[in-house]
Amino acid sequence: MPRRDDIKKILVIGSGPIIIGQACEFDYSGAQACKVLREDGFEVVLVNSNPATIMTDPEMADRTYVEPITPEFVTKVIEKERPDALLPTLGGQTGLNCAVSLAESGILEEWGVELIGARLEAIKKGEDRKLFAEAMGRIGLDVPRSGYAYSLRDAEDIVAQLGFPVVARPSFTLGGAGGGIAYNIEELRDIVSHGLALSPIAEVLIEESVLGWKEYEMEVMRDRNDNAVIVCSIENFDAMGVHTGDSITVAPAQTLTDREYQVMRDASIAIMREIGVETGGSNVQFAIDPANGRMVVIEMNPRVSRSSALASKATGFPIAKFAAKLAVGYTLDEISNDITKETPACFEPSIDYTVVKIPRWAFEKFPGTDPTLTTRMKSVGEAMAIGRTFAEAFGKAMRSLENGRAGLGADGKDRFSEKFDAMLATPTDQRAYYIAEAFRRDYTVADVHGLTHVDPWFLAQIERAVAVEGEVAAAGGLDGIDAALMRRAKQHGLSDVQVAHLTGAVEAEVRARRLDLGVRPTFKSVDTCAAEFAASTPYYYKTYEEEDEVAASDRPKAMILGAGPNRIGQGIEFDYCCVHGAYALAEVGYETIMVNCNPETVSTDYDTSDRLYFEPLTFEDVMDIVDAERPAGVVVTFGGQTPLKLAHALEDAGVPIMGTPPEAIDLAEDRQRFAEVLDRLGIAYPAAGTAHTHDEAVEVARRIGFPLLVRPSYVLGGRGMVIAYSEEYLERYMAEAASVSPEHPVLLDRFLEGAIEVDVDAVCDGESVYIGGVMEHIEEAGIHSGDSACCIPPFSLGEETVERIVEHARALALELGVRGLINIQFAVKDQKVYVLEVNPRASRTVPFVSKATGVPLAKVAARVMAGGKLAEMDLPPEGRDLGHYSVKEAVMPFGRFPGADSVLGPEMKSTGEVMGVAADFPAAYAKSQLAIDYSLPTGGTAFISVCERDKRAIVPVAKHLATLGFDIVSTRGTSRVLKAAGIPVTEVLKVHEGRPNIVDAMKNGEVQLVINTPFGQETRSDGYHIRAAAIRHGITNITTVPAANAVVNAIDAVASGDGRLDVIALQDFDVPAGEPS
Amino acid sequence: MADTTPAHVPALLALEDGTVFHGTACGAAGEAYGEIVFNTSMAGYQEVLTDPSYAGQIVTMTMPHIGNYGVNEADMESRGVFASGFVVREMSVLTSNWRAEESLPEFLVRHGVVAMEGVDTRRLTRHVRERGAMRAVISTVDLDPDSLVAKAAASPGLVGRDLVAEVAVSEPFRWGSEGPDGTLPVDTGILPVSPRYRIVAIDSGIKYNIVRRLAEASCDVTVVPPTTSAREILAHEPDGVFLANGPGDPAAVDYLYSTLQELVGKVPVFGICLGHQMLSLAVGCSTYKLKYGHRGGNQPVKNLLSGRVEITSQNHGFCVDFGSIGPLVTEESAGHSHEANDLAAWVEAGVAPVVRSERFGRVQLTHVNLNDMTVEGIRLLDVPAFSVQYHPEAAPGPHDSRYLFDAFTALLDGRDDYLTATG
């Protein structure tokens, strides 16, 4: 059955900003889908609020709407574009929820839009646990015993039947948000009350605990002819009880006999049929009782998912791409296998290697939060590694995490709690290290299994790897290691750094010794078929075997080093730049090689570059690829900090670095030398100093003056940068949180209170500089630029100031010798422009700038790296009138980390971003807020409580709110100021002043908007309780005055309802000719 | 969770073309000859090892971790291990599964199977893919590569060899009762609840799961030795005759298809694998050896009658040549006049072509392998008989094709639409 000809225009909904539980895997799926649909001649209309995605590149769709993914905005797009069909299964839960809402409200029917890829009933059956359980009953499959609670009382009644522990899962929430395991009545009440609030239908499933059972996932695809295939089986290393997004997972399944595997296969296909997923991919999760094999179905997702992205990367079978083709009428046997080119997609991949995925957590960013892993996902990214064996892949994955570790411990950084067994028994981000250590301490597999419930098979593999580690340690130094042991160490996943630590050598010596011994890696192909057929797509992984499969080539090669696992501060933006780099370098004639270990990304799609190496971004792994490929150049400036930190070592090893030389990168990072550069150029910067002792810190502080931005180079207790307003606070902070010593100095900068922060992204070719964009931040200096909202063009800066900023940027780029991208952060205070920081590399804002201005900066930079000149690129004029304002806003994960304070500061905490575009700034800002919160309060009660220094500035905000019809309540101090200004205000008690207080009012739903700027630096203060309550109850919560100003203007824009929030496609931007795409 | 870490005994695998692989022993000590073949199933090593069709072959699994879940009595596909040798990347040091009764190395030793691990099995697989199946020897006693290569080159190959006699039963017996020579035990798995059909299965190396599936389809099965004559078979007054899978070169077991030639037309016939090749030979078709065969559980097969694709379990090195049966019957092939052997064209057109055989009339192509467009199934239109090259009984592999056992009973019931009515 070939392609459908009755539909021509397809609306695709993306997944919006990167949040925990929904990351860039949907950029990968969505980009694949858009690409394949357009190749097939369909007109694609896209809605996605995330500017950092490849998916929202103007070339990916015919019409791209960077607009909030809400029924209101998508309806506007539908009215404007009149698509024939809506494909809802590629945008995660967000896209699916939005599509369901449009279908249920009759909008789709009204405009004649057909839902393709999944029927409404199928989505509901898959997502609604009650309907799902009934469906499973009909096909004779077991599910955990359970009941639905609509109140605490219900929950308690159900538990009386099931007994503790129970798993509580709120219905229809993202990534299991609000779910948890309750071991006692107190925990039950806590989780259920929270869950009832989070669930859009106030329903929580209380389920029999299958804690400790084995957990499996199956990735299934089905076409309209009812052909069904299993793309991949995944076995979780962590037993049931840990969210699959937080579990270490392994492909293929390792401990099932064929008989058991086929039962699961049959069940997966039967579930797809029963739920009614007619075309596309689904993910089905199972739990198996290790004692007797009883199998229960946990859940299914009738859409592409995190696991399907992983399965695609693990097997070479592009699920999302094929799902899109199936949705428009093709059948599996009509689609050809991209990798072999000769066999059809209607088959089941066989893999002859082992894949391990390990989540990347970011607990260090959220002090106070509990790092225990539960059914509620907490990780912010993941790394995947491929090896022939589990041990090899596990070791590689452990060193891919970008957490400063070189593998599964044994790297000189092992630190273990005295409560060793308790830590072993508790799933946390640290548990893998504890498991390895347990074997070093001679625990048996049975001991460790008893404490962790991890399958003995996995534990035995780790035990063996630790034994090999022991052999290396016992070899009596590097010279004592022979070729056989060196090879065995590599085959068991040990890195050169670990071997160096174990033998008292340094990494370079290990590498030299290893190569002397003739222990060289081989590269093998990911080919979907276990070598049964020849593969024509070069997708490689490293292993220590006999035969190497890297294809010869005589074209010049450019190698792009990716960004590694997503984490806070290093997200999809860098992947975007890497992908653009690959595209641009291919266009100028290079054979491109991508190296990355993040399975969620577009960069690790085998379609993105000519060759893909799925490898950790360590010196060892990158050098091995360099040795195999001999590239003409390596790009280290697109993937953020991860590749940048390798620049020097690679250059020292004789690897040609493309673009900005590592020396220039150093210069920008060396405070002393950089200050000299700024002095030479006559550019101002905040006074700064370095302290090596406590006394020195106080001395420097007195010289520079408060407030100060304090950055310790070595951090205790997870606290990084802070702003110190007083000597007392500085001393306390130094004593509690920072370790200062001659080796670990503390950096102190004068903090420019109240300054406006500005970011500039530019490209320099050594002769001239192209200013990509000048971004004015909404929040003042002091909030990490990644957490601030910003706007292109600047909305309040004078022309003269902008000109000065641009001049400084040009001068700096040329002076530093940049060949490629540069990002500069400025602060403007009292009309004076200061330089805060320079990064001669791709920045987080490059994709945003590219979307806002229509100039693909990363591509321009890649061409410059390849020797191109800006003057010859026919770029549109800088600073031209764009005809619209674009606002980027950060998305915070505080809802996932109960206990952590939600106040913004110099430490970045956001996971993603959205963009809003409109003709004026307040409307653009309103869209950015709507894209995150899905609604802005347009009336009701606003609570205002600000710290001393903000009291004067808050008055006009309050006045504006009052004009908009808000009732204002305030705590005593603030209310006095507001009353004095003639604003009607009701006083309310602070938390410690008695009851009922402000938090009670918030809990009772009496407050719709909170403006609360932090008071000094006490933690667990009133402000903390207020912010925590706001997050818990989903109340719009603002922590800075500039943001308050912007929000109030945005509310005004929403309320005015005069078309200011109309939708606009990127393709309608006025981009002058000559735009290099 | 028995720890079965073997001592590191070196082992060698030598191929007739001079290629040598080093590893360590993980099964019985000794030396074994066979044709080297690879299997891409990710699970099911026990079923592979105990499938009699692997007689005369040294099997390598492409899945790197083997032995993880041990072995158990219920997953036996025959009375023992028939593969002559076994080569893996990594043998599990530990067994983890609630059904495990023994570790795989223990099992291999008990059955005297020479096995080795630590081999770059992907290199071996690619080698076989590029150079074709070839003679090989695996040894833990002779570690001289030159000597072993010479032995491999001097060993008998599979072509022209009758291995059926070595693997089949010597006396008939009824499934569900004790085997006469104690060879085929009572299967505790599946017995027909109320048998409706009397079936004679000619054993050429039959897998237990075939009989289990027949039993599940209400068949009372009597298994007879391969040399049983047509007259003896008919004396059982069967409702149908089943032709099993089996090892070796189909051309070497001429007695099987001679028997079959006498049976076809007299009694409904269903054949699997070697049985398919026998039926094809009986209708006058020739067979040929595939370069490296189909062995695995992920092979896509299209049923041209239903249009559905089945993911199938396969294990065969020989294949039938549909065009050699006779001239195309254009009017019964939807008017198309493609070459009978242009299978891609028939798949593309969605047509199941018909050719005319001299002996049994019209023969229809029913199933095609989508990977390499080779013949996977035929049916006779003028007499009740059909066969498939692959393994609908799976074990190991997907269950997509189980409908063929119901198709057989539908054929016994005299239904013409038997191949499409039961999917």
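**Domains in chain B, a sheet in chain A**

In this predicted model, the C-alpha centres of domain 1 and domain 2 of chain B lie 28 Å apart.

Me: What makes these two domains of chain B count as touching, and how many residues does the contact take from each?
Reply: Contact here calls for C-beta atoms within 7 Å. On that rule, 25 residues of domain 1 of chain B and 27 residues of domain 2 of chain B take part. Domain 1 spans 10-154 and domain 2 spans 164-421.

Me: Which elements of chain B supply at least two residues each to the side of domain 1 that touches domain 2?
Reply: β3 (31-39), α1 (45-49) and α3 (121-131) of chain B do. β3(B) gives the most, with three residues.

Me: And by class, what is on that side of domain 1 of chain B?
Reply: You get 12 nonpolar, eight polar and five charged residues there.

Me: Over to chain A. Why are β17 and β23 called edge strands?
Reply: Because each pairs on one side only, with pairing taken to need at least two bridges. The open sheet of chain A has seven strands in the order β17-β18-β21-β20-β19-β22-β23, and its pairing is mixed. β17 covers 522-525 and β23 covers 657-658.

Me: How do you know that β22 and β23 of chain A pair?
Reply: The cut-off is at least two bridges. β22(A), residues 633-635, and β23(A) have two bridges, so they pair, and in the parallel sense.

Me: Which residue of β23(A) is the bridge partner of V634(A)?
Reply: That's I657(A).

How values were computed
Residues numbered from 1 in each chain as written. Chains lettered and ligands numbered in written order. Predicted model: local features only at pLDDT ≥ 70, side-chain atom pairs only at ≥ 80, totals over all residues. Helix = DSSP H or I, 4+ residues; strand = E, 2+ residues; numbered from the N terminus. Domains from an automatic or database assignment. Nonpolar A, V, L, I, M, F, W, Y, C, P; charged D, E, K, R; others polar.
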